[in-house]
Structure formats: C-alpha cells, structure tokens
Amino acid sequence: MTAPAPLLEANPAAVERDILAAYESVSSFDADGTGAEADAPHEEFAALRRLGGVHRSTLQQVLTGANGPGGTSISTWHVVSFAAAERVLRDESTFSSSAYDDSMGRVIGRSFLQMDHQEHRTWRSILHSGFNQQAVLARRDRVRSAVVSRLGSLAGRGGGDLVRDVAFPVALTTIAELVGFPPGTRIGTLYAWAVGLLDDADGKIGTSVRECLETPSAWAPDSLVGLLLRSGNPAVGAGPDLLPAVRLLLSTGTEPPFRSLATLMYAVLTDREVLRLLREDDSSAPGVVQECWRWECPLTWVLRRCTAETEISGQPVGRGELVCVNLASANRDETRWSRPARFDAGRELPGLAMGTGPHTCLGRHLAMVESRELLAELLATESTWPPGYTVNTDGVAGRGFRSPRRLRIRF
Ligand code: HEM
C-alpha cells in the first residue's frame, strides 16, 4: 500500500522527526498537570485500601487526587482493592464497557473497547489471529531489529533519552507495522491524531486514513486491518467503519507499552539486584516483566458502567453509576502480596496491569515480546557501555499513566 498525502513521508529521516514530534506532544501532555499531577499517588491509594475496597468519589477526585473549583463533579465509584477490581472486570453483564462512550469514545469513535458480549466477541475473535502468541512470536525479529538499531544508535551519540529514543519509537513502530501501515508513513502524526493530541481541523488526516481503508487489497492479509477487512463479517463493517478500531489499536498499542518499556529499563538500570538476577538467570526475564507490570502498572484506571443494582465490597451500587477500577492500587493490595511496594521478580501471583475478563488486554503477548527483546538487547548493550555511564531520571511518575518521564543516559 502507498499511503496518500498527508500520511506519506517516504524519507526515513522525516519519518523519524515525525515520531519525535509525536513524543513531544505526549511529553507536553504529561507535563501539563493532566498526566503528571500527584506524582506519588501510591500512598493515597494505600490509605483508601485501608478504609475499604471501594469508595464513593467524583471523577475529578479520582483522576487528579483533588476536589477543586472548576473540576467535574461527576459521581463515580473508585475501586481500589484487588478482589473488587477483579470481580468488576470479570462481570460484563453487570459492569459494561459502554462507560468509555463519554471518554475514549468521544475522541476515537465507537470501537470494540466500548462493546460487550457477542458484539465485542466478534471483533476479538477476528483479531485473535493477529495477536495470539504464535503470531506475535513470528514478529520477534522485527521487534528485535527495532530495539537493536535504536539502542545501538545511542553509543555513537554519547547517550540519549531511553524513553524518547527507544521506548516510544519501538512501541509505535511495532504497532503501526502490525496494524498494516507501510514504511514511509508518518506514524507520529497518525498516532497523535489517533489519541486526540493533534487537531485535525481540516479533516485531512481522517480522510487519508479513510481512503486507505477503502482499498482492502492494499493491506497485507496478516495485518490487523487486513484481517478485519477480509473477515467479511457484517458486524465489523467495511472500509471507513474500521476507523475507530484503527485509532484504538494505535493508541493502546503505543501508550501503555511505551510506558512499561520505560519502567522496565528504569528498573534494570537503577536496581543492581534486577540487573544481577537477569545476568545470572536466563529464565528470570518473564518474571521480571510481570513484576514490572505489577509494581508500576502503566495504565491506572479502566472504566465500567453499572447495568443493574448490585454491590461491590458490600457497598450498594446503582444502575447507571460509573465505576473507576484502579489497577495501580489493586496491584499493590497488601492482602494479596507482602511488601507490595517492593520490586520482587520472584512473586507468583499475577497482577491486573493487563486487566482481566472479556476485555483482557489484546496486546499482552505482543507487550511481552517487546519487553523480552528489549531486556535481552539492553543486557547485551549495557555490558559494552563505559563503566562510568550515568542515568539521569526522576523515577516513575504520573497518575493516570505511570512511567519515568526521562531516562537520560550519558557515556
Ligand atoms: C504493558 C503494556 C500494556 C498494558 C499495561 C495494557 C493494558 C491494558 C488494559 C488494562 C486493558 C483493559 C481495558 C479494559 O478492561 O477496559 C487493555 C485492553 C486492550 N489493549 Fe492493552 N495494554 C498493553 C499493551 C498493549 C498492546 C501492545 C496492544 C496492541 C495493540 C494493546 C491493545 C489493547 C486493546 C486493543 C485492548 C482492548 C481490548 C478489548 O476491549 O477487548 N495493549 N490493555
């Protein structure tokens, strides 16, 4: 497929600049208070857990940690314990994902993230063959070469920012390719548009993507769009009907994984115990990744809307009420893990970073492949860095999305 203007930018250097510009928009979002406010929310969540598994709150209180003038007073339940979070996410009959209609849905349109039951299952079953373990393992070499070239280029430049120069571009290029966009596409622009960070006032980007979607033969059969276009399933629709799904895939396939890759590098480079474990025990990598996801869950909240009178942790919850499930808090529930604030790759019980139930993260195997390839290459490269290298970081930060904002390495 050749992407139409304004998506085409065949020159690789210009595509790189485009990716960098997208990362700058994400950084500005993080810095404007929406993404980074209350950088240490874990104490607040722990205090809530001591009082109970679920709390009546407002969206503003949950999302920012404060109730101030001018904020939204939309009432919501804030689920903070592991048991309550798991229960809500596994019961789609009582807790509907249509809750996203007023948030993600407003930005990207109605995608399968907002659907329940059979309608949702139809999309998942078509996309399964692009996301299952075998399919993503087949892409391992592509992911590895992206990691190798990006990590490798740092040495020649005397260093760089591992978040900006490695984590973000690896996640974005991987998902853009899997969705089916060819090399030379301005994937930074596409991503910023997909998540609503770029105002497509004249509608040119949306129109270009629609044009691409109207040409099914242009998409590789094993790409995600290729699978959807060739499914022939009337419930999925054709061409432009796939626009919200494309935006969802670019968004979910970039934001949480780039943040988790950044946190993983942070853990390895700032905790000598983690580095030692990985070097001494080849089989420890999956446990390190799982623990990284539990310890600093990249995506804090997922939403549900209650469809019937029910209760959560003994609290009566009414039909139509909004429920914010706090995965970062559930992942530090001290009734499930001892010393949950500690990074311990030997833990056996998994966390909820990838959700659970019918909407369990579709990209979890891909995220594991990205993490493992990055770990393997980071270990190999780190041993070639001059011993006096320095890592400059403020640590893992943020409230809704958590990750190191910078991880600057100097040789
Ligand atoms: C460490 C990285 C990742 C984390 C922490 C993460 C987290 C999550 C969570 C918590 C959900 C559940 C949302 C809900 O229940 O409402 C989810 C769903 C989803 N994730 Fe991921 N994700 C990651 C990587 C990826 C990747 C690489 C992709 C690739 C496209 C992806 C695609 C999706 C999609 C499409 C859904 C919606 C599934 C559905 O509604 O059925 N994710 N993810």
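## A small sheet, an iron site and salt bridges

Strand β4 and strand β12 (residues 408-410) run antiparallel and are joined by 3 bridges. The model you are looking at is predicted, so please read everything below in that light. Besides the sheet that holds these strands, this briefing visits the iron atom of the ligand, whose only protein donor is C361, and a selection from the 32 salt bridges of the structure.

**The sheet around β4 and β12**

- β4 and β12 belong to an open sheet of 3 strands, with the order β4-β12-β9 and antiparallel pairing.
- At the edges sit β4 (159-161) and β9 (390-392), each of which pairs on one side only.
- On average, and with direction ignored, neighbouring strands of this sheet are turned by 15° against each other.
- As a reminder, the strands of a sheet pair through backbone hydrogen bonds, in either a parallel or an antiparallel way.
- To find the pairing in the model, you can start at G159, whose bridge partner in β12 is R410.
- Helix α9 (residues 162-179) lies across both β4 and β12, and α9 runs at about 65° to β4.

**The iron site**

- Which residue gives the iron atom of the ligand its only protein donor? That residue is C361, through its SG atom, at 2.3 Å.
- C361 is part of a loop, the one between α17 (327-330) and α18 (364-382).

**Salt bridges around helix α16**

- Side chains of opposite charge can pair when their charged atoms come close.
- R294 and E291 form a salt bridge in which the closest N and O atoms are 2.8 Å apart.
- Both partners are in helix α16 (residues 285-295), and because they are 3 residues apart there, about one helical turn separates them.
- Is this pair buried or exposed? R294 is buried, and E291 is buried too.
- E296 forms a salt bridge with R332, with 3.3 Å between the closest N and O atoms.
- This second pair links distant parts of the chain, 36 residues apart: E296 is in the loop between α16 and β5, while R332 is in the loop between α17 and α18.
- The loop between α17 and α18 is thus a place to look at twice, because it holds R332 and also C361, and R332 is buried, with a relative accessible area of 8%.
- E296 counts as buried because its relative accessibility is 6%, under the 20% limit.

**Other salt bridges**

- R305 pairs with D102 in a salt bridge whose closest N and O atoms are 3.5 Å apart.
- Here too distant parts of the chain are linked: R305 is in strand β5 (residues 301-306), D102 is in the loop between β3 (95-96) and α5 (104-108), and the two are 203 residues apart.
- R305 counts as partly exposed because its relative accessibility is 25%, and D102, at 46%, counts as partly exposed as well.
- A network of salt bridges links D30, E255, R259 and R405.

**S260 in helix α14**

- S260 is found in helix α14 (residues 255-270).
- Why does S260 count as buried? Its relative accessible area is 6%, and buried means under 20%.
- Which residues does S260 touch, leaving aside its neighbours within four places in sequence? S260 is in contact with C292, W293 and P298.

Definitions and conventions:
Residues numbered from 1 in each chain as written. Predicted model: local features only at pLDDT ≥ 70, side-chain atom pairs only at ≥ 80, totals over all residues. Heavy atoms only, no water. Donors = N, O, S within 2.8 Å, 3.2 Å for Na, K, Ca; no water. Helix = DSSP H or I, 4+ residues; strand = E, 2+ residues; numbered from the N terminus. Pairing = 2+ DSSP bridges. Axes fitted to C-alpha atoms, helices over the stretch in contact; angles between N-to-C directions. Contact = heavy atoms within 4.5 Å. Salt bridge = Lys/Arg side-chain N within 4 Å of Asp/Glu carboxyl O. Buried < 20%, exposed > 50% of the residue type's maximum accessible area, 1.4 Å probe, protein only.
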